[in-house]
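Here are a few notes to read alongside the model. Keep the viewer open and look for each place as it comes up.

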Number of protein chains: 2
Amino acid sequence: MGMQRKPTSFDIAQLAGVSQPTVSRALRGESGVNPATRLRIESIAKQLNYRVDKAASNLRTRHSQTLALLFFEDPTSDDSLINPFFHSMLGSIIRTCAEHNHDLLISFQQLSSDWHTDYEDARKADGLILLGYGDFELYRARLKALQDAGTHFVRWGSVLAEGAGLTIGCDNRGGGGEATRHLLGLGRKKIAFLGTASSHYPEFHERYRGHAEALAGAELSADPALQIDAITTEESGAAAAQALLDGGADFDAILAASDLIAIGAMRVLQAAGKRIPEDVSVIGFDDIPAASSASPPLTTVMQDARLAGRTLVETLIGRIREKPVGPALLPTKLIVRKSCGA
Amino acid sequence: MGMQRKPTSFDIAQLAGVSQPTVSRALRGESGVNPATRLRIESIAKQLNYRVDKAASNLRTRHSQTLALLFFEDPTSDDSLINPFFHSMLGSIIRTCAEHNHDLLISFQQLSSDWHTDYEDARKADGLILLGYGDFELYRARLKALQDAGTHFVRWGSVLAEGAGLTIGCDNRGGGGEATRHLLGLGRKKIAFLGTASSHYPEFHERYRGHAEALAGAELSADPALQIDAITTEESGAAAAQALLDGGADFDAILAASDLIAIGAMRVLQAAGKRIPEDVSVIGFDDIPAASSASPPLTTVMQDARLAGRTLVETLIGRIREKPVGPALLPTKLIVRKSCGA
DNA sequence: CAGCCGCTCACATACGTATTCAGGCTCGAT
DNA sequence: ATCGAGCCTGAATACGTATGTGAGCGGCTG
């Protein structure tokens, strides 16, 4: 009842009439412990509500059974916090960690901080999951440093872009291509792409590349005037759409590099009197929850966030255990809703 | 470059020509260390990329500088994962933890598991943050056990409902009242309440109570036929609205116990040909992101999720440090949008 | 009967840090 | 020169667990 000292394996040992190492072995299910002894120890442990002291255990074993999830963020947005696409991934990561008996630490990181040494070096975690969009060139050096330090980590991003570390990502190129072919199939020929196409943003870059390849496959070519930079926020999408309108170029469809961009763009287009999908077909990317409740409901290239989270965790754990693991390219799926006019 | 052993405070001591305790003192900023010595030690530490071993430090100090965030969930929903209202709270919790130099563990919990002994007893965390809706009666015994065990914890919930532990919550009663008075002010008199009003769900119960009190203040009384149970999902809201329609009772407004309920209900009402807000005014609760992008944009009672997260963390840390902290009742704010017809 | 093996267990120790205690040093005052 | 008062520092130790090593014991083989 009162503020007793937390029971230790020594306490149990004494009560069970054995030594502390035997308690440790028994509770960890090691073989070579007499079944009767084990049972006695387990019973006493349960009765005392004993828990292995994680700190002591970590110190002795030199690992923590803990993964750290690091979100990288724009220092600018102090409010939106987590990109909605990562929300469902987060849930899946949490679940998968629990399945594998790992704890999960979570934190935000500025690209500029010295996160690359803060977790595994301090033995807070056995491995790192890196999440977040942002200028890839800012990561590159850090990733290299991480790898040189022998840190275990996986990241969500562009699998094709060369770069240090184990990367899990979806088939951005294939997804971009499929979306564009769908628009072409609807008879659209002047397709704008909203999203930064620079290689500094490899995922968007690949989506754009798939888009351009699909155009080429239809004997068309990507019009530079129809590509407008945007990062993955509604505001940026709205700004891009406005820029597109202001530019005066003719277009009958939009492929947005993310759903947030698409939603922001639709808002601006509708405010400008464009009907969706009659005047302009719109397709997004990600399939965040807001996509299906947008008006009109947004056709989009789905990334399987649940599979993504699971793959990240299991790949990381595999790597920690020195198993042979490699990067993974996850499939995308076109979800057809009203916004493209199918 | 290679797989060197991780440097320890002994390594630094040797290089600096001092003893290990001096290194520990210097790096922890303890007073009573010669400034020159301290500088030398700090320089060597930085050069070796030294990090204090958290496991050893935790073992020695007997605390972990870590908080654990426990989400309680319906075992049923394996997909939606986290209630959207908690998303922004999560971001704020992560940030506030970082500000106070605490790490954050996060996990999902089934109400039935033995979570109440898994974290602080194992010294994984110094304190617990409990989040989640659910039948309060299922918590009650566990909370009592937690408190009896001397565990440090705070929970988000109904501040008014008696129960063990330190609770932070918003003014559900006041918010419910304000929403209903607003509807009355618009001339609505037959206001339905969608949400479980039972005391098993204290937060909804209080919102309902505020609603009923506001009606009483206008010489009206709450019609039992206009209260329909619902939990905080869109599906449940849709089902409740359908039940309301099927029940045949006349109504000209809806106060939903959460935004998700409101959004689900609006969908059903609109499908049934009701115009919002012309035929039915709708007000939600929470102000999740989807509220402002619903059609029509949803009037709602905002809970300040950012303040909530910050308050939870700071209260918990205060409690861990044995400072005088108490429960907190956070203010709500009515956000008027189109759905109520103001 | 000697030697061996398998089964259980206890002894000793290591993990890396933080903290208590005591001692050496410098400096100024007498 | 002596002494006390700080100021720094080092030696010793504890935190609780996991693991390498070896001991006792009974049974078995040759």
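The points below cover the ground rules, the chain contacts, the cores and the DNA.

1. First, the ground rules: this is a predicted model, so local features need pLDDT of at least 70 and side-chain atom pairs count only at pLDDT 80 or more, while totals for chains, interfaces and linings use all residues. Residues are numbered from 1 along each chain as its sequence is written, and chains are lettered from A and ligands numbered from 1 in the order in which they are written.

2. Start where the two chains meet: 37 residues of chain B are in contact with 37 of chain A (C-beta atoms, placed from the backbone, within 7 Å). On chain B, α4 (54–61), α5 (84–99), β2 (103–110) and α11 (289–293) each supply at least two residues of that side (helices are DSSP H or I runs of at least four residues, strands E runs of at least two, numbered from the N terminus).

3. Now go inside. The largest nonpolar core has 164 residues, and A:Leu194, A:Ala265, B:Leu194 and B:Ala265 touch the most other members. Such a core joins buried Ala, Val, Leu, Ile, Met, Phe, Trp, Tyr and Cys through C-beta atoms within 7 Å, buried meaning 20 or more other C-beta atoms within 10 Å of a residue's own. A separate core of 7 residues includes B:Ile12 and B:Tyr50.

4. Last, the DNA. Of the 26 residues around strand C, A:Ser19, A:Asn34, B:Thr8, B:Ser9 and B:Pro21 come nearest (near is a C-beta atom, placed from the backbone, within 6 Å). The largest share of this surface, 5 residues, comes from α4(B).

Conventions:
A residue is buried if 20 or more other C-beta atoms lie within 10 Å of its own, exposed if 12 or fewer, and partly exposed in between; C-beta atoms are placed from the backbone.
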